[in-house]
Amino acid sequence: MNNDATALWYLTEEETRWACQRLDPVKIVREALVLQAEGRTTLPAEAYLGWTSPSGAAARSLNMPGYVGGPFEMAGTKIINGCLDNPERGLPRASGLTMLFDRQTARIRCVMASAHVSAFRTAAVTLASAQALLPQKVLTVGVIGAGVIARTHIELLARSLPGIAAIVLHDRDPRRAAALADEVDALLRAQGIRISLADTAREAVLGADLVIPATTTTQGYIAYDWLSRGCVVVNVSLDDVLPDVVMEAGTLLVDDWALVRDDEHRLLGRMHRTGRVVGPGEHAGAGVRRVDAELGEVFAGRHPGRYHPDDVILVNPFGLAIEDIALATEVYRIAMREGRGIALPR
């Protein structure tokens with residue numbers, strides 16, 4: 001590869017997946033969130049464009065810009081698009097591009113396919129949260145959903161979270177759940193992890209130490225009384241948990257309160273607008289839940305994260321551009337060092 005800084009490089013999904021296998025995504029997203037807690041990142045509001053496809057499915061495009069300092073020193077943006085009925089066409093639900101910018105000239109330095117990077121950083125945030133917040137080694141993980149995000153979580157769990165004995169998987173389409181279980185069975189067996197299928201979401205959640213909803217639902221269904229003492233719920237989807245989980249959890253954490261607060265499509269934003277949830281450090285009157293902290297404060301050691309071993313902890317990550325930019329930066333550096341990528345004419 002020509003390392004000319006003026007060149008524009010493109011990385012395919014295959015190349016980004018290859019690079020991701022050569023780095024530690026959990027360490028990278030932790031570092032990005034610590035930099036956020038230290039005020040060394042810039043995170044503007046996302047641009048959201050939604051529409052209805054000709055077939056009647058919800059479709060949307062997100063533009064997520066950000067800057068990350070520290071060892072990354074990179075600005076960029078991710079454009080991620082999705083349509084809910086894509087799987088019925090044999091297509092991934094989401095796809096997109098991540099662009100990295102030259103700090104000196106502001107020219108686009110690299111364009112990379114971002115579906116895998118995006119799924120990888122989503123799973124990395126879950127793993128970083130689990131490592132910091134679980135009171136003991138994980139015995140059972142409940143995963144709801146059997147799409148790309150669920151698969152990426154399961155793969156990263158096997159790599160990065162020792163002590164897992166079992167994964168219980170549920171999807172509203174039993175065939176999808178069975179297909180995913182078959183695909184990851186050999187990987188999990190190699191790590192001494194058994195995977196089983198649950199007929200209902202409740203069955204997947206009951207007894208789980210770590211609960212990972214990875215769905216596209218806009219209707220809550222996970223009730224507080226489903227959750228085991230001490231468990232951690234990382235709600236990487238939109239609305240899987242019901243309001244009683246928000247109100248009753250021992251600790252409530254977000255990755256960026258301002259983005260969560262202002263979002264019109266997620267439960268916490270809606271609960272804030274009705275006066276039921278306030279941000280970290282804000283006054284919470286009777287019947288009002290305060291967000292305890294942002295994840296970066298936990299990772300930086302400024303907040304304990306867990307107050308008591310039996311507390312249920314709800315982590316509600318928005319999914320931040322700085323995480324994508326940090327991970328994409330390391331993918332780009334590996335690709336440049338190892339001679340991967342395609343030079344594009346300007």
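Start by selecting D24, which sits in the loop between helix 1 and helix 2 (25–37). Helices here are DSSP runs of H or I with at least four residues, strands are runs of E with at least two, and both are numbered from the N terminus. D24 is partly exposed, at 40% relative accessibility. That label covers the range between buried, under 20% relative accessible area, and exposed, over 50%, with a 1.4 Å probe and protein chains only. Now add L100 to the selection: its C-alpha atom lies 20 Å from that of D24, and the two are 76 residues apart along the chain.

A word on what you have open: this is a predicted model, where local features need pLDDT of at least 70 and side-chain atom pairs count only at pLDDT 80 or more, while totals for chains, interfaces and linings use all residues. Residues are numbered from 1 along each chain as its sequence is written, and side-chain values use heavy atoms, with hydrogens and water left out.

**Zoom out**

Show the whole protein as a cartoon. You should find 11 helices and 18 strands. The C-alpha trace spans about 55 × 50 × 45 Å along its principal axes. The radius of gyration is 20 Å, which agrees with the value near 20 Å for a compact globule of 346 residues. That radius is taken over C-alpha atoms, and the globule rule is 2.2 Å times the number of residues to the power 0.38.

Colour by accessibility next: 52% of the 346 residues count as buried. About 15,200 Å² of the protein is exposed, and carbon and sulfur atoms supply 50% of that area. These areas come from the Shrake-Rupley method with a 1.4 Å probe, and for residues only the protein chains shown count as cover.

Contacts are worth a look too. Among those between residues at least 6 apart in sequence, 67% join residues at least 24 apart; a contact means heavy atoms within 4.5 Å.

**Helix 1 and its cover**

Select residues 13–20, which make up helix 1; its buried residues are E15, T16, W18, A19 and C20. What covers them? Look for strand 1 (8–11), strand 7 (108–113), helix 3 (115–133), helix 4 and helix 11 (321–338), which are included in that cover.

**Into strand 6**

Go to T98, in strand 6 (residues 94–101). T98 is buried, at 0% relative accessibility. Which residues touch T98, leaving aside its neighbours within four places in sequence? Its contacts are T77, K78, C110, V111, M112, S114, I325 and A328.

**Follow the charges**

Keep K78 selected and add R121, E323 and D324: salt bridges link these four in a network. Here a salt bridge is a side-chain nitrogen of Lys or Arg within 4 Å of a carboxyl oxygen of Asp or Glu. Side chains of opposite charge can pair when their charged atoms come close. The structure holds 20 salt bridges, so there are others to visit.

Try E183 and R151, whose side chains meet at 2.4 Å, N to O. E183 belongs to helix 5 (residues 174–190) and R151 to helix 4 (residues 148–160), so this pair ties together parts that are 32 residues apart in sequence. Both ends are partly exposed: E183 at 48% relative accessibility, R151 at 30%.

Next, pick D173 and R175, a salt bridge of 3.4 Å, N to O. D173 is partly exposed at 22%, whereas R175 is exposed, with a relative accessible area of 69%.

Then select E38 and R40, where the closest N and O atoms of the salt bridge are 3.2 Å apart. E38 is partly exposed at 38% relative accessibility, and R40 is partly exposed at 42%.

For the overall picture, colour by charge. The mean positions of the 36 positive and 41 negative charges are 3 Å apart. Lys and Arg count as positive and Asp and Glu as negative, without His and the chain ends; each charge is placed at NZ of Lys, CZ of Arg, CG of Asp or CD of Glu.

**Two backbone stops**

Most residues other than glycine have a negative phi, and most peptide bonds are trans. Select E73, in the loop between strand 4 (58–68) and strand 5 (74–83): although not a glycine, E73 has a positive phi of about 45°. E73 is partly exposed, with a relative accessible area of 34%.

Finish at A106, in the loop between strand 6 and strand 7. A106 is not a glycine either, yet has a positive phi of about 70°. Is A106 buried or exposed? A106 counts as exposed, at 58% relative accessibility.
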